[in-house]
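User: Please examine the structure shown below and answer a series of questions on it, giving the reasoning with each value.

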Amino acid sequence: MSKLIIQTRELWKIYLGGTDPVSALQGINLEVREGEFLLVRGPSGSGKSTLLKIMGLLDLPSKGTIIMDGLETSKLRETARAKIRNQKIGFVFQSFNLIPELTVFENVMLPTWINNRQNINAKEETSSLLKTVGLEEKAHNYANELSGGQMQRVAIARALINNPSIVLADEPTGNLDSKSSLQVMNLIKRLNEENGQTIILISHDSEQERNATRVVNLIDGKLQN
Ligand SMILES: Nc1ncnc2c1ncn2[C@@H]1O[C@H](COP(=O)(O)OP(=O)(O)OP(=O)(O)O)[C@@H](O)[C@H]1O
Ligand SMILES: [Mg+2]
């Protein structure tokens, strides 16, 4: 069996701040192995996005811990967490979060500036990824000149530029028409099958069951078996 890449131990997330506290995650124990394609399903408000953000070290749990590639992350400082995020994880969200004033090429290359990677030819990698997502012709357009499906493919290329071992995707086709959805989903499936990247995908789309190697259901902040 391949190695465990993410383990969560008794994860709780309690949001304070509103009138009543919300227990969005209630003791999640989840193990994800390298090369898995995990589909996370569950009704609206069941805690899916919360779980993904915490597993991606974008947010902290209230209790419990995440072990990433053998490393216990709960005691890490934010700079160390950011380093893991930049090196190991690619995020794709429902809203594409591109920077409209940058070109497609610049958007994809952006994480290499943040990461300050020495050993890659960022321009070559960017061109190659734009080819992978079928957008080399749009490289020098501004991000806000694209269709939704094209924007999401740019976001995926950007998520991949640092060659992450894990890709976390939260409803990546939620804002797309059916043809663009299919393109984006095929692309994500290929990452898993051809590159061996570990995928954790949140999707309401039952079509995705066929692509996933495992499905988990989240209800009221708990995993159902
Ligand atoms: N920043 C926040 N502050 C307070 N409550 C929050 C916050 N983010 C999420 N919640 C609450 O936590 C619960 C879980 O939210 P979450 O966004 O994880 O659900 P979800 O399963 O992703 O839903 P959807 O399918 O609608 O995206 C909800 O009750 C939500 O209102
Ligand atoms: Mg959500």
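User: Which elements each supply at least two residues of the shell around ligand 1, and which of them gives the most?
Analyst: The model is a predicted one. In it, β2 (22-33) and α1 (48-55) each contribute at least two residues to the shell around ligand 1. The surrounding residues include Val22 and Ala24, as well as Lys48, Ser49 and Thr50. With 3 residues, the element that gives the most to this shell is α1.

User: How do the residues of the shell around ligand 1 divide into nonpolar, polar and charged?
Analyst: The residues around ligand 1 are Tyr15, Val22, Ala24, Pro43, Ser44, Gly45, Ser46, Gly47, Lys48, Ser49, Thr50 and His204. Glycine is counted among the polar residues and lysine among the charged ones. The shell therefore divides into 4 nonpolar, 7 polar and 1 charged.

User: What is the distance from an oxygen atom of ligand 1 to an N or O atom in the side chain of serine 44?
Analyst: A polar contact requires a pair of N or O atoms within 3.5 Å. A backbone N or O atom of serine 46 is 3.2 Å from an oxygen atom of ligand 1, and a polar side-chain atom of serine 49 is 2.9 Å from an oxygen atom of the ligand. For the side chain of serine 44, the separation from a ligand oxygen is 2.6 Å.

User: What percentage of the area that ligand 1 exposes when taken alone does the protein bury?
Analyst: Polar partners of the ligand include the side chain of serine 49, at 2.9 Å from a ligand oxygen. Taken alone, ligand 1 exposes 640 Å². Of that area, the protein buries 59%.

User: Is α1 mostly covered or mostly uncovered, and how many of its residues are buried?
Analyst: A residue counts as buried when its relative accessible area is under 20%. In α1, the residues that meet this criterion are Lys48, Thr50, Leu51, Leu52, Ile54 and Met55. The helix is mostly covered, the buried share being 6 of its 8 residues.

User: Which residue just after α1 takes a positive phi?
Analyst: Most residues other than glycine have a negative phi. The loop between α1 and β4 (63-68) holds a residue with a positive phi near 60°. Its relative accessible area is 0%, so it counts as buried. The residue is leucine 57.

User: What is the phi of glutamate 10, and is this residue buried or partly exposed?
Analyst: Glutamate 10 is found in strand β1 (residues 4-15). Its phi is near 45°, a positive value in a residue other than glycine. Because its relative accessible area is 42%, glutamate 10 is partly exposed.

User: Is the aromatic pair of phenylalanine 91 and phenylalanine 93 stacked or edge-to-face?
Analyst: A pair of aromatic rings is described by the distance of the centres and the angle of the planes. The count comes to 1 aromatic pair. Phenylalanine 91 is buried at 16% relative accessible area, whereas phenylalanine 93 is partly exposed at 24%. With 5.9 Å centre to centre and 5° between the planes, the two rings are stacked.

User: Which residue lies over the face of tryptophan 12?
Analyst: A charge sits over a ring if NZ of Lys or CZ of Arg is within 6 Å of the ring centre and within 35 degrees of the ring normal. Over the face of tryptophan 12, at 4.9 Å from the ring centre, lies lysine 63.

User: The backbone oxygen of which residue lies 2.7 Å from a polar atom of the side chain of threonine 112?
Analyst: Threonine 112 belongs to helix α3 (residues 104-115). Its relative accessible area is 7%, so threonine 112 is buried. The backbone oxygen at 2.7 Å from its polar side-chain atom is that of methionine 109.

User: What distance separates the C-alpha atoms of valine 154 and leucine 98?
Analyst: Valine 154 is found in helix α5 (residues 148-160). This valine counts as buried because its relative accessibility is 0%. Valine 154 and leucine 98 are 56 residues apart along the chain, and their C-alpha atoms are separated by 8.1 Å.

How values were computed: Residues are numbered from 1 along each chain as its sequence is written. Chains are lettered from A and ligands numbered from 1 in the order in which they are written. This is a predicted model: local features need pLDDT of at least 70, side-chain atom pairs count only at pLDDT 80 or more; totals for chains, interfaces and linings use all residues. Side-chain values use heavy atoms; hydrogens and water are left out. A residue is near a molecule or strand if one of its heavy atoms lies within 4 Å of it. A polar contact is a pair of N or O atoms within 3.5 Å; within protein, one must be able to donate a hydrogen and the other to accept it, and residues adjacent in sequence count only if both atoms are side-chain atoms. Accessible areas come from the Shrake-Rupley method with a 1.4 Å probe; for residues, only the protein chains shown count as cover. Helices (H or I, at least four residues) and strands (E, at least two) are DSSP runs, numbered from the N terminus. Rings of Phe, Tyr and Trp (its six-membered ring) pair if their centres lie within 6.5 Å; planes under 30 degrees apart count as stacked, over 60 as edge-to-face and the rest as tilted. Buried means under 20% relative accessible area, exposed over 50%, partly exposed in between (1.4 Å probe, protein chains only).
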